[in-house]
There are 2 protein chains.
Amino acid sequence: MTTMKQIAKELGVSVSSVSLVLNNRDHGRIKPAKAKQIRQTAERLGYQPNPLARSLRTSKTGLLGFISEDVATTPFAGGIIQGAQDAARASGYIMLTVNAKGAAEEEEDVAALRRYGVDGFLYAKMYNRVTTIPDYLRGSPIVLVDATDADGVSPSVEPDEYLIGVDATNALIRAGAKRIAYIGCQDPLIAQRERSRGYRQALKDAGIPILDSMMIKVGDNERALRDVERLFDDEHPDGFFCFNDARAWYVYESAARRGLTVGRDISVVGVDNHLVLAQTMTPRLSTVALPHYEMGYWAVSQLVSNIRHEHINMNDMPETLASLPPLGGPYPAKIHCPLIYKESLVGGETD
Amino acid sequence: MTTMKQIAKELGVSVSSVSLVLNNRDHGRIKPAKAKQIRQTAERLGYQPNPLARSLRTSKTGLLGFISEDVATTPFAGGIIQGAQDAARASGYIMLTVNAKGAAEEEEDVAALRRYGVDGFLYAKMYNRVTTIPDYLRGSPIVLVDATDADGVSPSVEPDEYLIGVDATNALIRAGAKRIAYIGCQDPLIAQRERSRGYRQALKDAGIPILDSMMIKVGDNERALRDVERLFDDEHPDGFFCFNDARAWYVYESAARRGLTVGRDISVVGVDNHLVLAQTMTPRLSTVALPHYEMGYWAVSQLVSNIRHEHINMNDMPETLASLPPLGGPYPAKIHCPLIYKESLVGGETD
DNA sequence: GTGAAAGCGCTAACAG
DNA sequence: CTGTTAGCGCTTTCAC
């Protein structure tokens, strides 16, 4: 690792000159010729700044703390982390990731991150939930990911669950389905509430009557399968909007047992919380993807812009992200991430 | 953040004394009374060492670089990361995670990690694969995760795929299955090779004839479903060892179409590369879990022990890990992680 | 036993 | 324009 000192010595100049030049703070301070020289030898020697030494003076480390839960057990985490990491790289930051199993462990981890002088925190949940920012996290720049701040003061990034409901239902309508069922989940999740609201709205807009008997909430078990089977037999739906892959699975199983084929006899749209069905069964299954990658990307962009008190530069964004609506201000409280659609063959031919 | 300086000032002693005491290097150098005083005020002021400042002198940062690929698209990543992180925490390290999309990006990321002075690297693949360590990574302590070093010189941590094959097949035999099929994958993966080897061995040991017609390799598509259906109709198997969840799905679909119920009419064991089926269908589906968490944990333990030239302290391990065989030496070339079994109700009652 | 001093690599104020 | 100086928080050598 070459240091500024070495460059200075090599050229017989002072370290401060080198520092000024290499930080591009030499406008009208260092003679251009000398500056050029410095830059060249820096290049030649393969100089790389030592961010840790720098941070000792500036107390800016270029480190971002990513705090999550359940990374181990959910397939969503990867997308968020990846998006966050890509955005971090694009802004010259590096992520320190910790995953805590409880509040105590989390507090410890946050303390560790603090010791390493992270410039800000990402606080990620694995599904959208109203969340209170713990005391030990206050006072630092922070952005919530896939979570809603209970106090409504911290910026947060969340998927637009309502839009998922509307669009998924519209996809089924467009595919010609007349009797559209909603297979929801039993937990009182924001996603459950908003998606079913979207479902109702889409039906209403299309002039299709909303029947309670077509909306069921099921868990993850044998009982759920029986409930779906009963819905099949009682209501004979020809379109299914499934809260997630697990629910889509029950529909597949029920259909298979009745000699029905998805994509021919019935249409199914699922939200791809999980991956198996989408991977194996496309194009027979249509999926609406939650914008995990996008949430991660936006969250970091937001965090960095808050740290630096700058606006987000849309030109640096990957294509899918650059088309998002620009942020409302330097500290928007909430960004809704748009949806991603995959393989929209709903009710198309089977082979 | 209180500093050593503050403590020193408060007590009217020198910073070096504080440093010695707080690093427990004061044996016979600092008077015990004074040492105690120092420790107390450190405690009282909530002193936390600044690892970055320390690293400037020691060139040890307590940072570990975690390099991976495909974090975004595989559900395995979470487990590995979680295990790695838990082990890191237990040893007082923190992980810097980067996920690169190509060799060029990876090299950049490694350079960034080097600038931050990571003490070592974890190089993780998302399925077991023979891997060459790139030049830009040489020279630092490194451990491969879910990968095999092509040169056989770097330590690596991998699952025991052969054992998976043996045990999964034995589970089916124990459940009373007589005609056991193997639904493999088409890619020439280590996992595919070793699992099928284990399958053959288990059948051989049980005196069951090995039939080529009972072993098929399928992809991820409609064609795969047809192949499985043909197997059903031609061979009428009563037990299925599935390479992964996706393959198990084809078995479920085929069975449902034939009026067969898994757990009553046929037995299925899958390797839970993915999660959906395991989550929704247990206890009807038996799964063998790959030891992702364990691999992450062991890899970091190994890396840290290499960095510090120490042996791994088994007492610090979580219970499931402490029962593993101890490592062969300070620099073992290869650790095989044991398997985890879930819900072993193969061919049990359906409800 | 203890403190003074140097230095890790860098930035920033200030003097020239 | 440029160099000197000081100092971020810590470790380590070396006098006392």
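Domain bounds here come from an automatic or database domain assignment. Start by colouring chain A on that basis: domain 1 (4-49), domain 2 (59-159 + 292-335) and domain 3 (161-290). The centres of domain 1 of chain A and domain 3 of chain A, taken over C-alpha atoms, are 63 Å apart.

Before going on, note that this is a predicted model, in which local features need pLDDT of at least 70, side-chain atom pairs count only at pLDDT 80 or more, and totals for chains, interfaces and linings use all residues. Residues are numbered from 1 along each chain as its sequence is written, chains are lettered from A and ligands numbered from 1 in the order in which they are written, and side-chain values use heavy atoms, with hydrogens and water left out.

**Stop 1: the annotated segment**

Select residues 2-58 of chain A. An unreviewed UniProt entry places the feature "domain: HTH lacI-type" there. UniProt positions follow the numbering used here, feature names are shortened, and annotations may be inferred rather than shown by experiment. Over this segment the chain is 65% helix and 0% strand. Its end C-alpha atoms are 21 Å apart. Helices (H or I, at least four residues) and strands (E, at least two) are DSSP runs, numbered from the N terminus.

**Stop 2: DNA strand D**

Show the 26 residues around DNA strand D. A residue is near a strand if one of its heavy atoms lies within 4 Å of it. S16(A), K31(A), R57(A), Y47(B) and R54(B) come nearest. Of the strand D atoms that come within 4 Å of the protein, sugar and phosphate make up 66%.

Now display the polar contacts (pairs of N or O atoms within 3.5 Å). At K31(A), pick a polar backbone atom: a phosphate oxygen of strand D is 2.4 Å away. At R57(A), a polar side-chain atom is 2.8 Å from a base nitrogen of strand D. Cross to R54(B), where a polar side-chain atom lies 2.7 Å from a phosphate oxygen of strand D.

Colour by element next. α4(B) supplies the largest share of the surface near strand D, 5 residues. By type, that surface has 8 nonpolar, 11 polar and 7 charged residues. Ala, Val, Leu, Ile, Met, Phe, Trp, Tyr, Cys and Pro count as nonpolar, Asp, Glu, Lys and Arg as charged, and the others, Gly among them, as polar.

**Stop 3: DNA strand C**

Switch to strand C. Among the 26 residues around it, Y47(A), R54(A), R29(B), K31(B) and R57(B) come nearest. Sugar and phosphate account for 69% of the strand C atoms within 4 Å of the protein.

Zoom in on three serines. The side chain of S19(A) has an N or O atom 2.9 Å from a phosphate oxygen of strand C. For S16(B), the side-chain partner is a base nitrogen of strand C, at 2.9 Å. For S17(B), it is a phosphate oxygen of strand C, at 2.9 Å.

α4(A) gives the most to the surface near strand C, with 5 residues.

**Stop 4: the two copies**

Superpose chain A on chain B, by least squares on the C-alpha atoms of residues with pLDDT of at least 70 in both. A turn of 180 degrees and a shift of 0.0 Å along the axis give an RMSD of 0.1 Å. That is the relation of a two-fold axis. Both copies use the same surface: 100% of the contact residues of chain A (heavy atoms within 4.5 Å) recur in chain B.

Definitions and conventions. A polar contact is a pair of N or O atoms within 3.5 Å; within protein, one must be able to donate a hydrogen and the other to accept it, and residues adjacent in sequence count only if both atoms are side-chain atoms.
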